[in-house]
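Reader: I am new to this structure and would like a careful, close look at one part of it. Please take me through the metal site and the bound molecule, one step at a time.

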Amino acid sequence: AKAAARGSVVFYEPAMGDQQRERRALQDELRFAIARDELLLHYQPQFKIAGEIVGFEALVRWQSPGRGLVSPAQFIPIAEECGLIMPLGDLVLRHACREAARWHMPLTVAVNISPAQFRNGDLPHQVHTVLMETGLSPARLELEITESVLIDDFSRAISILSRLKALGVRITLDDFGTGYSSLSYLHSFSFDKIKIDRAFIGDLATNRHSKAIVRAVIDLGHSLNVPILAEGVETSEQLALLEQSGCDEVQGYLTGRPEPIAEYGDLTGRIHVR
Ligand code: C2E
Ligand code: CA
Ligand code: CA
Ligand code: CA
C-alpha cells in the first residue's frame with residue numbers, strides 16, 4: 001500500500017524564476033571557467049602610510065568569453081552556494097603564491113579566504129602544500145578572513161587559525177567594522193593586521209561619526225599592537241586624515257587600482273605614494 005501511495009505521488013516542479021535560472025547558468029559557466037582557466041588575478045598595492053610599498057592583495061576576476069570581465073562580487077557568492085569555492089579558492093591561492101615567489105622584492109601577497117573555504121576542507125594542510133610546491137616563504141603570505149568565520153564555530157576557527165599561524169603565515173582581519181564586529185574576537189586571537197572597511201573611509205572627510213570610528217579603531221589596534229590598514233582610500237584628503245589619525249597602512253584607488261601584476265613593473269625599486 002505504501003509503495004502504491006508513493007507511486008501515485010505527483011511532483012510539481014515549481015516554475016524556475018529568472019533569477020534562479022540566471023544563477024544556474026552562472027554556476028554551469030563558472031564550472032567550465034575553472035576548467036578552462038578563465039580566472040585571473042589582479043593585484044592592488046598596499047602601502048605604509050609614509051609611502052613604502054608593503055605588498056599586494058590578490059583579487060580574482062573572471063574573463064568570460066560571453067560576459068566580459070566579471071567581478072568577484074557577482075560570482076564568489078555563487079561559487080560559495082554550489083561548492084565551487086573550494087576549487088576556485090585553491091586555484092587563487094596557488095596562482096598568488098606561485099606569482100609572488102617570482103617577485104624581485106620580498107613583498108607580501110594577501111589572499112582572500114571565503115568563510116565556506118575556511119569551514120570546509122583542511123585549510124592549514126592546503127596552505128602548507130601550496131607553500132611547499134611554490135617555495136614561497138610563509139611570512140610573505142597573508143590570509144584575509146572576515147569575522148563571520150569566528151561566529152560559525154568559534155573553537156574550531158581558533159584552532160584552524162592557530163595551525164595557520166604555526167606555519168608562519170599572517171592572518172588579517174578583513175572588513176572590520178561591518179557585519180558582526182565584536183571586540184571579543186580581537187581578544188581571543190592575535191591578528192597580524194586589521195583592515196578597516198572602506199565604508200568608513202568613503203565618507204571619512206564628511207561624516208564625523210566615520211571619523212570617530214576610524215580613530216577609535218586605529219587607537220584600539222595600537223593598544224593591542226596590531227597594525228591598521230585603511231581600505232578604499234580614494235582621495236588625498238582621506239589619506240591626510242588617516243595619517244593624522246596614526247593609521248599604519250593604506251590601500252585604494254588613490255595609491256593603486258587592482259591591475260594585472262605586469263602593470264606594476266619589476267618591483268625592484270621603492271615605490272612611493274607621493
Ligand atoms: P574585499 O576583500 O573587501 O576587497 C576590496 C575590494 O574593494 C575589491 O573589490 C577592490 O577592487 C575594491 N577597492 C579597492 N580600492 C578601492 C577604492 O579606492 N574604492 C572602491 N570603491 N573600491 C576599492 P573586488 O576586487 O571587486 O572584490 C570584491 C570582493 O570580492 C572582495 O572584497 C572579496 O570579498 C571578494 N574577493 C575578491 N577576490 C577574491 C578571492 O580570490 N577569493 C575570495 N574568497 N573572495 C574574493
Ligand atoms: Ca580583502
Ligand atoms: Ca575588505
Ligand atoms: Ca569587502
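**The metal site and ligand 1**

Author: Asp-175 forms a bridge between the calcium ion (ligand 4) and the calcium ion (ligand 3), and these two ions lie 3.6 Å apart. The model is predicted, with local features needing pLDDT of at least 70 and side-chain atom pairs counting only at pLDDT 80 or more, whereas totals for chains, interfaces and linings use all residues. Residues are numbered from 1 along each chain as its sequence is written, chains are lettered from A and ligands numbered from 1 in the order in which they are written, and side-chain values use heavy atoms, leaving out hydrogens and water.

The bridging residue, Asp-175, belongs to strand β6 (strands are DSSP runs of E of at least two residues, and helices runs of H or I of at least four, numbered from the N terminus). For the calcium ion (ligand 4), the protein donors are Asp-175 (OD) and Asp-175 (OD), lying 2.9 Å from the ion. A donor is an N, O or S atom within 2.8 Å of the metal, or 3.2 Å for Na, K and Ca, and since water is not among the atoms, a site may look incomplete.

The calcium ion (ligand 3) is held by Asp-174 (OD), Asp-175 (OD), Glu-231 (OE) and Glu-231 (OE), at 2.2 to 2.5 Å, and along the chain these donors follow the spacing D-D-x55-E. Because Asp-175 is in strand β6 while Glu-231 is in strand β8, this pair ties together parts that are 56 residues apart in sequence.

Moving on to the calcium ion (ligand 2), we find Asp-174 again, since this residue bridges the calcium ion (ligand 3) and the calcium ion (ligand 2), which are 3.8 Å apart. The coordination of the calcium ion (ligand 2) comes from Glu-57 (OE), Asn-112 (OD1), Glu-144 (OE) and Asp-174 (OD), at 2.1 to 2.3 Å, and the spacing of these donors along the chain is E-x54-N-x31-E-x29-D. Here Glu-57, in strand β2, and Asn-112, in strand β4 (residues 108-112), link distant parts of the chain, 55 residues apart.

The bound molecule, ligand 1, is surrounded by 20 residues, of which the closest are Gln-44, Arg-61, Arg-198, Glu-234 and Tyr-253; a residue counts as near when one of its heavy atoms lies within 4 Å. By class, this shell has 8 nonpolar, 5 polar and 7 charged residues (Ala, Val, Leu, Ile, Met, Phe, Trp, Tyr, Cys and Pro are taken as nonpolar, Asp, Glu, Lys and Arg as charged, and the others, Gly among them, as polar).

Several atom pairs show how ligand 1 meets the protein. A polar side-chain atom of Gln-44 is 3.0 Å from a nitrogen atom of ligand 1, and a polar backbone atom of Val-60 is 3.1 Å from a nitrogen atom of ligand 1. In the case of Glu-234, a polar side-chain atom lies 2.5 Å from a nitrogen atom of ligand 1. Two or more residues of the shell come from each of β2 (53-64), α3 (72-82) and β6 (170-176), and β2 gives the most, with 4 residues. Strand β2 also holds Glu-57, a donor of the calcium ion (ligand 2), and strand β6 holds Asp-175, the bridging residue with which this account began.

Definitions and conventions. Polar contact = N/O pair within 3.5 Å; in protein donor to acceptor, adjacent residues only side chain to side chain.
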